[in-house]
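Here is a short walk through one protein chain. Keep the sequence beside the 3D view as you read.

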Amino acid sequence: MPKKSDRPSKSSKSSKTSKSSKKNIAIGAGVALAALLLGAASYSATRPDEPSSLTAKEEPAADVSADPQAGVYPELAELARRDAEDPLAQGRADAPVVLIEYADFKCGYCGKFARDTEPGLVKKYVDDGTLRIEWRNFPIFGADSDSAARGAWAAGEQGRFWQFHAAAYAEGSKEKGFGGDRLKELAKEAGVKDIGRFSDDAGSAAAKSAVKKDQDEAYGLGATSTPSFLVNGRPISGAQPDEVFDQAIEQAAAAAGGKGASGKGASGKGGKK
């Protein structure tokens with residue numbers, strides 16, 4: 001069965017409306033593409049059992065879809081940054097396929113994807129040079145979401161983003177909140193060496209700016225639920241079954257000329273290796 005995504009309550013969404021209206025991503029037919037990202041064709045699915053601790057602000061979305069046969073849009077593919085020094089990415093900068101993930105550390109379905117699906121994608125596609133994963137902080141569930149996003153960015157400044165990502169998405173982690181002391185605990189668990197610098201970075205204007213850049217990109221696309229993905233310009237919404245991602249990645253790799261990357265593209269700065 002397809003899996004759903006998390007989305008904020010109506011009050012949370014309304015507080016973000018003015019922010020989304022300020023963002024104007026330079027991609028063609030933006031309104032139509034945003035509708036595709038949200039899932040113009042809806043599906044009905046049962047609520048998965050695994051993320052059992054969803055709060056009232058994490059209502060599973062019933063109006064999103066992920067169709068591996070849906071169109072691929074070059075304008076959306078251009079959102080891939082392919083920065084070899086990006087600490088919030090893993091995989092070769094010249095990989096033929098880029099998966100962009102817009103996610104929130106308070107999102108139960110994002111955690112499900114991180115624990116159940118992403119490790120398999122890394123093993124099957126990142127390790128052989130086919131796939132690059134680029135993270136975008138998309139905090140939509142309030143203050144805790146914002147602080148977790150800034151903490152993740154700060155961990156990335158010391159090359160430990162993906163380790164922080166794993167700690168923050170561990171079973172039961174989000175229920176403990178993402179206050180200042182909790183962020184320090186996660187940073188230590190992630191192997192961040194300079195906790196003082198981490199705290200300074202997490203509270204810095206640079207962290208706020210980086211998170212806002214990612215958030216504005218997502219809102220500019222029309223995204224209102226997490227997780228949302230782009231695979232070489234193909235929109236996928238929600239923590240879908242593994243085969244949805246496998247098919248999208250393999251189709252994108254075939255269209256790009258096959259598996260593996262050539263040239264001297266470096267792996268992401270924050271990669272797990």
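Start with α7 and α8, which are oblique to each other. The model is a predicted one. Why oblique? The angle between the two helices is about 130°, and oblique applies because this value falls outside the ranges for roughly perpendicular, 65 to 115 degrees, and roughly antiparallel, over 145. Helix α7 spans residues 180–189 and helix α8 spans residues 195–202. Their axes lie 10 Å apart. The crossing of α7 past α8 is right-handed.

Now look at the contact itself. From α7 come Leu183, Lys184, Ala187 and Lys188. They meet Ile195, Phe198 and Ser199 of α8. Sorted by class, this contact holds four nonpolar residues, one polar residue and two charged residues.

Next, turn to the backbone in the loops. Pro227 sits in the loop between α9 (205–221) and β6 (228–231). The peptide bond leading into Pro227 from Thr226 is cis. Its omega is near -5°.

Two residues other than glycine have positive phi. Arg82 has a phi near 50°, and Asn232 has one of about 50°. Arg82 belongs to the loop between α3 (74–77) and β3 (89–90). Asn232 belongs to the loop between β6 and β7 (234–237).

Are these residues buried or exposed? Asn232 has 18% relative accessibility, so Asn232 counts as buried; the cut-off for buried is under 20%. Arg82 has 33% relative accessibility, so Arg82 counts as partly exposed.

Note on methods. Residues are numbered from 1 along each chain as its sequence is written. This is a predicted model: local features need pLDDT of at least 70, side-chain atom pairs count only at pLDDT 80 or more; totals for chains, interfaces and linings use all residues. Side-chain values use heavy atoms; hydrogens and water are left out. Helices (H or I, at least four residues) and strands (E, at least two) are DSSP runs, numbered from the N terminus. Buried means under 20% relative accessible area, exposed over 50%, partly exposed in between (1.4 Å probe, protein chains only). Axes are lines fitted to C-alpha atoms, for helices over the stretch in contact, and angles run from 0 to 180 degrees between N-to-C directions. Angles under 35 degrees count as roughly parallel, over 145 as roughly antiparallel, 65 to 115 as roughly perpendicular and the rest as oblique. A crossing is left-handed if the near helix is turned anticlockwise from the far one by less than a right angle, and right-handed if clockwise. Contact means heavy atoms within 4.5 Å. Ala, Val, Leu, Ile, Met, Phe, Trp, Tyr, Cys and Pro count as nonpolar, Asp, Glu, Lys and Arg as charged, and the others, Gly among them, as polar.
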